[in-house]
Amino acid sequence: MTEPQPAPLTAELLWTGGMTFAARSGSSAIVVDGDGAAGPSPVQLLAEALAGCMASDVVTILTTGRHPLTGLRITLTAERARQPPRRFVRVGLSFHVVGNVPAAAVERAIALSIETYCSVWHSLRQDIELTTAYDIHP
């Protein structure tokens, strides 16, 4: 059986002067700043979206598996091309897991996010080098 097509995601940006925009999507609103001063830049938002997507997946997978996750911090480091469009060419994500979670469960959750669930990752060019690492603090 085919799943129904999800409703399209919409976003609206209103230029507020300089390089800043008031951005709204659904009930969320933020300031986007092309200079990264008054709010995150578009590329910073992309990095945060990727980290947030994978973080959400990992939390969902670990808690659904009833693992005692009590905290999670993700550090993302991205390398960009030297020439325009200065896209991401290499992204590293480090997952800092708090709780007595088995390493195999963390590895599986990260792999499932990359391979199946993270819509942000699957929306990016697949020639981006992606590396992950994790540590667990019981």
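Strand 4 (residues 69–80) and strand 5 form an antiparallel pair joined by 11 bridges. Within this pairing, Arg73 has His96 of strand 5 as its bridge partner. The model described here is predicted.

Strand 5 also pairs with strand 6 (residues 129–137). Here the two strands run parallel, and 9 bridges join them. One of the residues concerned is Ser94, whose bridge partner in strand 6 is Ala133. Strand 5 therefore has strand 4 as an antiparallel partner and strand 6 as a parallel one. Strand 5 covers residues 88–99, and 9 of its 12 residues are buried, so the strand is largely enclosed by the rest of the structure.

The chain as a whole contains 3 helices and 6 strands. Read from the N terminus, the order of elements is β-β-β-α-β-β-α-α-β. The C-alpha trace spans about 50 × 40 × 30 Å along its principal axes. The chain has 138 residues, of which 27% count as buried. Among contacts with a separation of 6 or more, 49% involve residues 24 or more positions apart.

The exposed area of the chain is about 9,100 Å². Carbon and sulfur atoms supply 57% of that area. The chain carries 10 positive and 12 negative charges. The mean positions of the two sets are 3 Å apart.

Individual residues were then examined. Asp33 lies in strand 3, which comprises residues 28–33. The residue is buried but has no salt bridge. Its nearest side chain of opposite charge is that of Arg80, 13 Å away. A salt bridge would require a side-chain nitrogen of Lys or Arg within 4 Å of a carboxyl oxygen. Leaving aside residues up to four places away in sequence, Asp33 touches Met19, Thr20, Ala38, Gly39, Pro40, Ser41 and Pro42.

Gly17 belongs to strand 1 (residues 12–17). Its relative accessible area is 26%, so Gly17 is partly exposed. The cut-off for a buried residue is under 20%. Gly17 and Gln83 are separated by 66 residues in sequence. In space, their C-alpha atoms are 27 Å apart.

Methods. Residues are numbered from 1 along each chain as its sequence is written. This is a predicted model: local features need pLDDT of at least 70, side-chain atom pairs count only at pLDDT 80 or more; totals for chains, interfaces and linings use all residues. Side-chain values use heavy atoms; hydrogens and water are left out. Helices (H or I, at least four residues) and strands (E, at least two) are DSSP runs, numbered from the N terminus. Buried means under 20% relative accessible area, exposed over 50%, partly exposed in between (1.4 Å probe, protein chains only). Contact means heavy atoms within 4.5 Å. Accessible areas come from the Shrake-Rupley method with a 1.4 Å probe; for residues, only the protein chains shown count as cover. Lys and Arg count as positive and Asp and Glu as negative; His and the chain ends are not counted. The place of a charge is taken as NZ of Lys, CZ of Arg, CG of Asp or CD of Glu. Two strands pair if DSSP finds at least two bridges between them.
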